[in-house]
2 protein chains.
Amino acid sequence: MSTIGNNIAVLGGGAWGLAIAKLLSENGNQVSLWEFNQAYVDLIKTTHTNPYLLKDIEIPESIMVTNEMEKALSINTEYIIFAIPSQFLRSSVIKASASIASLHNLKGIINVAKGVEEKTLKRMSEVISDELPLDLHDRIMTLSGPSHAEEVARKIPTAVVIAGKDDQLLQKVQQLFSNAYFRVYRSHDLIGVEIGGAVKNIISIAAGIIDGIGYGDNTKGALLTRGIVEIQRLGIALGANPETFLGLSGMGDLITTAISPHSRNRYVGYEIGKGRKLTDILSSMKAVAEGVVTTKSIFDLKSKYDIDMPITEQINAVLFFDKSPHEAMIQLMTRSLKEEN
Amino acid sequence: MSTIGNNIAVLGGGAWGLAIAKLLSENGNQVSLWEFNQAYVDLIKTTHTNPYLLKDIEIPESIMVTNEMEKALSINTEYIIFAIPSQFLRSSVIKASASIASLHNLKGIINVAKGVEEKTLKRMSEVISDELPLDLHDRIMTLSGPSHAEEVARKIPTAVVIAGKDDQLLQKVQQLFSNAYFRVYRSHDLIGVEIGGAVKNIISIAAGIIDGIGYGDNTKGALLTRGIVEIQRLGIALGANPETFLGLSGMGDLITTAISPHSRNRYVGYEIGKGRKLTDILSSMKAVAEGVVTTKSIFDLKSKYDIDMPITEQINAVLFFDKSPHEAMIQLMTRSLKEEN
């Protein structure tokens with residue numbers, strides 16, 4: 001079913017990094033996993049689990065887990081997966097760059113984070129490009145789509161998109177990841193796939209607020225529909241293909257994040273809708289809710305390009321300016337009556 | 001907030017007809033309600049509720065409820081709402097046609113059913129047109145979007161679309177329905193709005209099957225994404241605007257139906273996923289699950305126009321040819337790997 005025996009380094013042992021390492025290992029590849037947190041490395045080495053991140057999931061023993069970047073990136077590494085939270089991606093690429101320069105068999109670099117870097121407002125593949133030599137740039141790809149780690153680890157049927165420039169390389173990566181429960185489509189729209197993945201986390205916070213306040217499925221259907229419109233508006237301004245947002249990495253991921261109990265962004269919104277304060281919520285969470293920082297970055301990006309993004313505006317006001325979530329939702333629902341498009 | 005004192009006849013006292021009659025009455029209009037079932041008429045007249053269809057909801061006393069069509073359509077009727085299950089719409093329009101011909105103040109006719117007529121394969125507005133004189137055709141509209149009756153009756157924030165040909169009339173209807181919790185957008189794409197509303201019920205059955213089998217939110221996100229693609233494909237063949245399917249009456253309604261515990265179509269799918277037989281499920285339901293008949297009609301329509309609609313094909317096989325739902329879902333997930341668009 002899958003290509004046999006590729007050498008793959010997964011950098012980042014969060015829930016998604018673990019699920020991907022497990023998937024690739026079970027697909028018959030040799031996988032090494034770099035994790036920053038030594039305690040997590042020890043935990044996986046001794047128990048072959050990380051119950052803090054993936055409950056009741058066994059991490060295959062064949063995966064080589066290490067805290068040392070040079071060990072994870074061996075001379076034979078053919079594919080590198082960056083599974084690093086968006087705001088730590090640049091420093092991790094810098095940390096890996098010397099080792100990467102010495103690799104002779106490197107075929108592809110795959111980002112799986114969803115976000116936009118604060119201050120630079122760059123997409124994840126742009127951040128990676130910034131820190132690596134020019135001849136590698138066309139080999140940088142992003143994998144995105146509706147793919148909660150908890151479900152992929154449990155072999156629940158999942159479909160995602162791999163986006164990049166080189167179609168032959170995309171086909172190889174498609175084979176690398178695909179199996180009976182994990183299906184990968186190809187896309188050439190790196191901008192669209194990355195913007196969709198980032199902004200959906202903001203809409204997901206809004207969806208959580210709706211649930212927290214106690215509104216219904218009618219409200220959520222309307223919110224997600226308007227959400228895709230504003231994601232698409234930003235994407236078009238940045239040069240994306242509008243159709244990408246109707247695919248798995250846009251609408252698909254948005255729906256899954258907005259309905260799933262696994263979604264950390266939806267959870268943050270839910271608690272805010274219930275009346276809790278953001279700092280209080282974040283300090284009680286083990287994993288990163290990308291949508292919070294993303295709201296800041298996308299708010300800056302939409303201001304820079306002067307784009308109308310009402311949901312992002314309201315969530316920004318709720319998260320960082322203490323606006324009442326109830327008030328924000330009412331404002332979203334009562335904008336002046338007009339035609340739909 | 002709303003136009004005051006219009007004379008409106010709601011034909012059909014199902015859950016949606018009741019919720020609409022209540023909404024329009026509370027917006028300050030004079031509303032009459034025709035219901036076929038005399039027992040329901042008596043129940044509403046005496047208790048001002050219908051707990052079989054809308055639990056814990058009071059039907060305003062000012063609504064005149066009757067089993068006689070001529071009484072519901074008074075000489076002053078300005079708007080008629082057809083809230084009739086799709087397969088009974090034609091006979092109801094025929095029943096009302098003599099009274100309608102005698103109305104002098106009739107401004108608009110609004111269909112709120114979602115389906116396609118069996119055998120003729122006609123949309124709801126086409127069925128109404130068939131049975132009414134030509135000079136009324138431009139006044140026929142369809143209201144659609146993510147709007148579970150149970151939530152509208154509880155004043156949960158909801159946004160929908162009114163589609164038709166005459167923009168001045170659409171603006172009037174927009175005012176008629178709109179209030180603090182119910183928001184109406186206008187559209188000129190009657191075909192797209194009606195096809196989206198009909199086909200989403202099929203995808204909703206598929207979403208229910210996914211839940212019944214025990215698949216996850218990743219699977220559902222992927223399914224709904226591919227669902228919109230096939231709805232759009234059919235719509236384009238029939239002359240719809242592709243963008244309509246990304247709006248409230250397409251994607252919005254699809255999401256709400258596929259996640260809501262109120263959805264009867266999702267319920268049918270859920271029970272099938274659990275292993276129950278269709279006839280057994282349907283015989284235990286009080287309300288109509290439009291998606292079952294719609295699957296038949298849309299399957300015929302897609303065959304007629306030779307359109308690729310894999311989800312509709314699989315659901316048709318599951319519902320009417322006893323195909324295993326598990327097998328159908330696996331086939332949907334494992335189609336050959338390719339590019340997304």
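These notes cover the two chains of a predicted model, from sheet and symmetry to salt bridges and core.

1. **The sheet in chain B.** Chain B carries an open sheet of eight strands. The strand order is β3-β2-β1-β4-β5-β6-β7-β8, and the pairing is mixed. The edges are β3 (64–66) and β8 (182–187) of chain B, each pairing on one side only. From one strand to the next, the twist averages 20 degrees.

2. **One strand pair in detail.** In chain B, β5 (residues 108–111) pairs with β6 (residues 140–144). The sense is parallel, over three bridges. For a landmark, take B:I109: B:I140 of β6(B) stands opposite.

3. **A helix across the sheet.** Helix α1 of chain B spans residues 15–26. This helix lies across five named strands of chain B: β1 (7–11), β2 (30–34), β4 (79–82), β6 and β8. Against β2(B), helix α1 runs at about 165 degrees.

4. **How the copies relate.** A turn of 180 degrees, with a shift of 0.0 Å along the axis, lays chain B on chain A. The RMSD of that fit is 0.0 Å. The two copies are therefore related as by a two-fold rotation axis. The interface agrees: 100% of the interface residues of chain B are also interface residues in chain A, so the copies meet through the same surface.

5. **Salt bridges: a link within chain A.** Over all chains, the structure holds 40 salt bridges. In one of them, the side chains of A:E78 and A:K107 meet at 2.4 Å, N to O. This pair links distant parts of the chain, 29 residues apart. A:E78 sits in the loop between α3 (69–72) and β4 (79–82) of chain A. A:K107 sits in the loop between α4 (89–101) and β5 (108–111) of chain A. A:E78 is buried, because its relative accessible area is 13% and the cut-off is under 20%. A:K107 counts as partly exposed at 29% relative accessibility.

6. **Salt bridges: two pairs in chain B and a network in chain A.** B:R123 and B:E126 form a salt bridge at 3.4 Å, N to O. B:R123 counts as buried at 13% relative accessibility, while B:E126 counts as partly exposed at 29%. B:D211 and B:K220 also form a salt bridge, at 2.7 Å, N to O. Here B:D211 is buried, and so is B:K220. In chain A, salt bridges that share partners join A:R90, A:E117, A:K122, A:D130 and A:E131 into one network.

7. **The nonpolar core.** The largest nonpolar core has 89 residues. Those with the most contacts inside it come from both chains: A:L223, A:L224, A:I315, B:L223, B:L224 and B:I315. Helix α8 (residues 190–213) of chain B gives the most to this core, with 11 residues. Look at B:L224. Beyond its neighbours within four places in sequence, B:L224 is in contact with A:M251 and A:I255 across the chains, and with B:I203, B:A207, B:L254, B:I255 and B:A258 in its own chain.

8. **A residue of helix α8 in chain A.** A:I213 lies in helix α8 (residues 190–213) of chain A. At 21% relative accessibility, A:I213 counts as partly exposed. Not counting residues up to four places away in sequence, A:I213 touches A:G273, A:P325, A:H326 and A:M329. A:D306 is 93 residues from A:I213 along the chain, and their C-alpha atoms are separated by 30 Å.

Note on methods. Residues numbered from 1 in each chain as written. Chains lettered and ligands numbered in written order. Predicted model: local features only at pLDDT ≥ 70, side-chain atom pairs only at ≥ 80, totals over all residues. Heavy atoms only, no water. Pairing = 2+ DSSP bridges. Helix = DSSP H or I, 4+ residues; strand = E, 2+ residues; numbered from the N terminus. Axes fitted to C-alpha atoms, helices over the stretch in contact; angles between N-to-C directions. Contact = heavy atoms within 4.5 Å. Least-squares fit on C-alpha atoms with pLDDT ≥ 70 in both. Salt bridge = Lys/Arg side-chain N within 4 Å of Asp/Glu carboxyl O. Buried < 20%, exposed > 50% of the residue type's maximum accessible area, 1.4 Å probe, protein only. Core = buried A, V, L, I, M, F, W, Y, C linked by side-chain atoms within 4.5 Å.
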